[in-house]
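Let's take a walk through this structure together. Keep the picture open while you read, and look up each residue as it comes along.

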Amino acid sequence: MVRVLGWFAVVAVVAGLAMGFGVAPREATQGNVQRIMYLHVPAVWVAYLAFIVGFVASIAYLARRRNGADHLAHAACEVGTLFLGVNIATGAIWGKPTWGTWWTWDARLTSVAVVFVMFLAYLLLRQAVEDPERSARYAAVLGIVAALNIPLVHFSVYWWRTLHQPPSLLKPGSSSMPGSILTALLVNFAALALLGAYFVARRTRVLADEAEAIA
Amino acid sequence: MAWKDLVVERRSKETLNSLLFFSLALLFVFQFTLGPDRERLAAVLPGVLWLGFILSSVLGLGRTFMVERDNDCWEALLLAPGDKSAVYVGKLVACLALMLVVEATVLALFTVFFNVDLGPALPGLALVIVLGTLGIAAVGALFAAMTSQVRARELLFPVLLLPVLVPVLLGAVKATEALLLGESLASVAHWWQLLVAADVVYIVVGLLTFDVILEG
């Protein structure tokens with residue numbers, strides 16, 4: 001089952017690469033650098049999806065106390081942090097030639113960075129608590145606080161300053177993107193989502209095996 | 001619960017005295033690192049003020065559950081009759097009271113040492129400080145309970161606390177800045193509403209999850 005998911009992810013990633021490098025046109029002003037968007041933008045979407053999964057799994061763990069929910073929450077937050085890291089790294093690579101700087105304290109960069117640090121702290125807490133049952137409980141509480149904090153971080157940082165180009169897709173009115181770019185973006189989103197789901201599934205199983213080995 | 005903590009604190013004055021001294025020391029550090037330039041000082045004052053608040057909060061709140069731990073009363077907390085969230089509320093109120101005393105003192109010292117006129121901004125400032133501190137204390141009490149049972153808790157507590165508190169700090173600093181520039185409370189409505197929203201979220205989560213942490 002997990003293996004099948006993995007092969008689906010491989011096929012989707014190949015299709016995503018083909019779309020991003022082959023089908024999608026060269027962007028007029030930014031040139032080929034723009035193609036990194038096909039990794040950059042889906043990565044952050046998948047990261048937030050993973051955090052939502054982690055949030056739900058944390059609540060489920062506290063309600064039912066099933067170890068499976070805890071492993072799922074752990075895996076989802078790990079994978080979410082990974083994808084957010086990919087998003088930040090690709091953003092920096094894109095930002096250098098386009099904005100002329102690796103990093104700027106713009107609203108969306110800052111809020112993503114804060115969320116990234118918040119979930120690094122979550123993983124740190126996981127490591128710091130030795131007793132697995134206690135670690136699961138504490139992490140679930142922190143996972144809930146961190147997930148609920150994401151909208152607060154976004155609003156506060158957005159009001160603090162904004163310079164980033166507004167999102168081109170999720171905004172009212174018709175999309176300003178040419179069709180082939182949009183298709184490439186969505187295919188890559190599907191690819192990364194499958195890849196993320198595969199990572200989470202594998203990681204959940206590894207965590208369960210580890211817990212079993214210790215017990 | 002709050003009453004017990006406050007009585008213990010009043011009798012021992014352990015935390016309060018150290019915190020007040022710590023804030024005084026911070027004041028000197030700020031003065032030395034920023035230099036005597038009045039203009040520059042005025043520009044960074046809101047940030048410096050909240051930096052002082054958050055640093056003393058990290059120290060003060062981290063100790064919230066030390067009394068129980070050092071005196072082996074953790075089980076007593078667990079066995080306390082009634083709802084466990086009452087323990088959380090008690091700790092929260094005690095933390096809030098302690099921090100507000102420290103912050104009021106720091107604020108007074110700031111006006112004296114840095115020659116700032118708070119006069120007209122004071123009511124609005126008080127509201128922002130109470131809202132901001134409530135947010136800090138709500139998360140702080142929850143995380144302090146969590147980290148008190150963990151190795152390296154002095155390190156882990158701020159590591160968990162600071163990123164989560166970013167919205168509270170941003171809101172509080174920005175509102176303080178605007179108020180000190182003489183703007184009205186209405187002009188910073190979105191900031192203090194954000195603080196209220198954050199406080200509500202943190203307190204509700206704290207109430208709902210505290211018994212999970214108390215389990216041991």
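Two residues are in contact if their C-beta atoms, placed from the backbone, lie within 7 Å. With that in hand, try Ala50(A): leaving aside neighbours within four places in sequence, Ala50(A) is in contact with Ala76(A), Val79(A), Gly80(A), Phe83(A), Gly196(A) and Val200(A).

Before going further, a word on what you're looking at. This is a predicted model, in which local features need pLDDT of at least 70 and side-chain atom pairs count only at pLDDT 80 or more, while totals for chains, interfaces and linings use all residues. Residues are numbered from 1 along each chain as its sequence is written, and chains are lettered from A and ligands numbered from 1 in the order in which they are written.

Start with chain A. Its secondary structure comes to six helices and zero strands, where helices (H or I, at least four residues) and strands (E, at least two) are DSSP runs numbered from the N terminus. How compact is chain A for its 215 residues? Its radius of gyration (taken over C-alpha atoms) is 19 Å, close to the 17 Å from the globule rule, so chain A is as compact as a globular protein of that length. That rule is 2.2 Å times the number of residues to the power 0.38. Along its principal axes, the C-alpha trace of chain A spans about 60 × 45 × 30 Å.

Now for what's inside. A residue is buried if 20 or more other C-beta atoms lie within 10 Å of its own, exposed if 12 or fewer, and partly exposed in between, with C-beta atoms placed from the backbone. By that count, 41% of the 215 residues of chain A are buried. Contacts in chain A also reach along the sequence: among those between residues at least 6 apart, 79% join residues at least 24 apart.

Helix α4 of chain A (residues 107-128) is a nice one to check with a ruler. The expected span of a helix is 1.5 Å times one less than its number of residues. For the 22 residues of α4(A) that gives 32 Å, and the end C-alpha atoms are 31 Å apart, which agrees. The buried residues of α4(A) include Val112(A), Met118(A), Phe119(A) and Tyr122(A). What covers the buried residues of α4(A)? The cover includes α2, α3 and α5 of chain A together with α8 and α9 of chain B.

Two other spots in chain A are worth a look. Arg65(A) is in the loop between α2 and α3, and has a positive phi of about 60 degrees although it is not a glycine. Most residues other than glycine have a negative phi. Arg65(A) counts as partly exposed because it has 14 C-beta neighbours inside 10 Å. Pro97(A), in helix α3 of chain A, is exposed, with 12 other C-beta atoms within 10 Å.

Over to chain B, which has 10 helices and zero strands. Of its 216 residues, 39% count as buried. Find α3(B), which bends by about 60 degrees at Val44(B), with a proline, Pro46(B), following within four residues. (The bend at a residue is the angle between axes fitted to the seven residues ending there and the seven starting there.) Among the buried residues of α3(B) are Trp50(B), Phe53(B) and Leu61(B). The buried residues of α3(B) pack against α2, α6, α7, α8 and α9 of chain B.

Helix α6 of chain B holds Cys95(B). Is Cys95(B) buried or exposed? Cys95(B) is buried, because 25 other C-beta atoms lie within 10 Å. Not counting residues up to four places away in sequence, Cys95(B) touches Leu61(B), Thr64(B), Ala137(B), Gly140(B) and Ala141(B).

So where do the chains meet? In all, 25 residues of chain B are in contact with 26 residues of chain A. On chain B's side, α8, α9 and α10 each supply at least two residues, and α10(B) gives the most, with nine. The residues on that side divide into 18 nonpolar, four polar and three charged. Here Ala, Val, Leu, Ile, Met, Phe, Trp, Tyr, Cys and Pro count as nonpolar, Asp, Glu, Lys and Arg as charged, and the others, Gly among them, as polar.

Last stop: the largest nonpolar core, with 122 residues. Such a core is a set of buried Ala, Val, Leu, Ile, Met, Phe, Trp, Tyr and Cys residues joined through C-beta atoms within 7 Å. Ala50(A) is back here, since Ala50(A), Ala76(A) and Ala141(B) have the most contacts inside this core. The element that gives the most to the core is α2(A), with 16 residues.
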